[in-house]
Amino acid sequence: MGIITHSTPSRCQAMARPPAPGSVIVPDWHESAEGKEYLACILRKNRRRVFGLLERPVLPPPVAIDTASYKIFVSGKSGGGKTALVAKLAGLEVPVVHHETAGIQTTVVFWPAKLQASERVVMFRFEFWDCGESALKKFDHMLPACKEKTDAFLFLFSFTDRASFEDLPGQLARVAGDTPGVVRMVIGSKFDQYMHTDVPERDLTAFRQAWELPLLRVKSVPGRRLADGRTLDGWAGLADVAHVLNGLAEQLWHQDQVAAGLLPDTSENSPS
């Protein structure tokens, strides 16, 4: 299995316009027979496998695919669901009670995806960095450490917390203001509680028009269980978060292709 190296955009380079959903990654490939063969390597007995920083999935000998690794910093207001989101993406138990993340927490998630253009399968390795808001405010070195060599920022808000949505412009300026070449995505959590939302659809539309950023939604309900009633169902969990993992893979792969000069730069600051 090869490692794909990617160039980190310079600070003066603007982020490429986000690609249209489904234009880079085959969106439903994970549901196909071929896709499930690859997904089986990140599962064990229908449960998600947990990977350490130096671990990777083991594929059958005939199967050899490249790995593309990315660092992703998850940002958002305290209590907005950052830790819960990362747990859901990794197939881990979502904390029932909110506890502020102490220091920096890193979580590795592998996700195989098929490229539209070449029909090649790539194993994406996402290293999520989550840091508690108190730690960020208390220790000056925390935010620079989280931002160093980061490939993407995930900005999180909760549909049940209006303040977390209104904090997004400040988060974007504070965290990503001096790194314009880094992928930025917005995720709304607790979407399953939309009947009690503090963020109406018209506000989401206005935000998308103003910022031109991908905006995804995730549910906060606990994942389905296996027959024992305790263990999380790995396949069901992957289906719940596939749109987020595919969205990240799409944005990051597209940005890499633009940075490498393989695709035209459609950012506003690009020369005409």
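These legends describe close-up views of a predicted model.

**View 1. Strand β7 is buried on both faces**. Strand β7 covers residues 152–158. Seven of its seven residues are buried, so the strand is largely enclosed by the rest of the structure. One side carries A152, L154, L156 and S158. The other side carries F153, F155 and F157. The residues on both sides are all buried.

**View 2. Strand β7 pairs with β4**. Strand β4 spans residues 66–76. Five bridges join β4 to β7, and the two strands run parallel. Look for F73, which stands opposite F153 in β7. F153 belongs to the face of β7 that also holds F155 and F157.

**View 3. Strand β7 pairs with β8**. Strand β8 spans residues 183–189. Its pairing with β7 is parallel and runs over seven bridges. Within this pairing, L156 has I187 of β8 as its bridge partner. L156 is one of the buried residues of β7, on the side shared with A152, L154 and S158.

**View 4. A salt bridge joins R120 and D66**. The structure holds 10 salt bridges, and R120 with D66 forms one of them. The closest N and O atoms are 3.0 Å apart. This pair links distant parts of the chain, 54 residues apart. R120 sits in the loop between β5 (104–114) and β6 (121–131). D66 sits in strand β4. R120 is partly exposed, at 34% relative accessibility. D66 is also partly exposed, with a relative accessible area of 28%.

**View 5. A salt bridge joins D161 and K77**. The side chains meet at 3.3 Å, N to O. D161 lies in the loop between β7 and α5 (162–166), and K77 lies in the loop between β4 and α2 (82–90), so the pair ties together parts that are 84 residues apart in sequence. D161 has 21% relative accessibility and counts as partly exposed, because buried means under 20%. K77 is partly exposed as well, with a relative accessible area of 26%.

**View 6. R162, E166 and D203 form a network of salt bridges**. Within it, E166 bonds to R162 through a salt bridge. Their closest N and O atoms are 3.0 Å apart. Both residues belong to helix α5. They are four residues apart there, so about one helical turn separates them. R162 is partly exposed, with a relative accessible area of 28%. D203 is linked into the network with R162 and E166.

Conventions
Residues numbered from 1 in each chain as written. Predicted model: local features only at pLDDT ≥ 70, side-chain atom pairs only at ≥ 80, totals over all residues. Heavy atoms only, no water. Buried < 20%, exposed > 50% of the residue type's maximum accessible area, 1.4 Å probe, protein only. Pairing = 2+ DSSP bridges. Salt bridge = Lys/Arg side-chain N within 4 Å of Asp/Glu carboxyl O.
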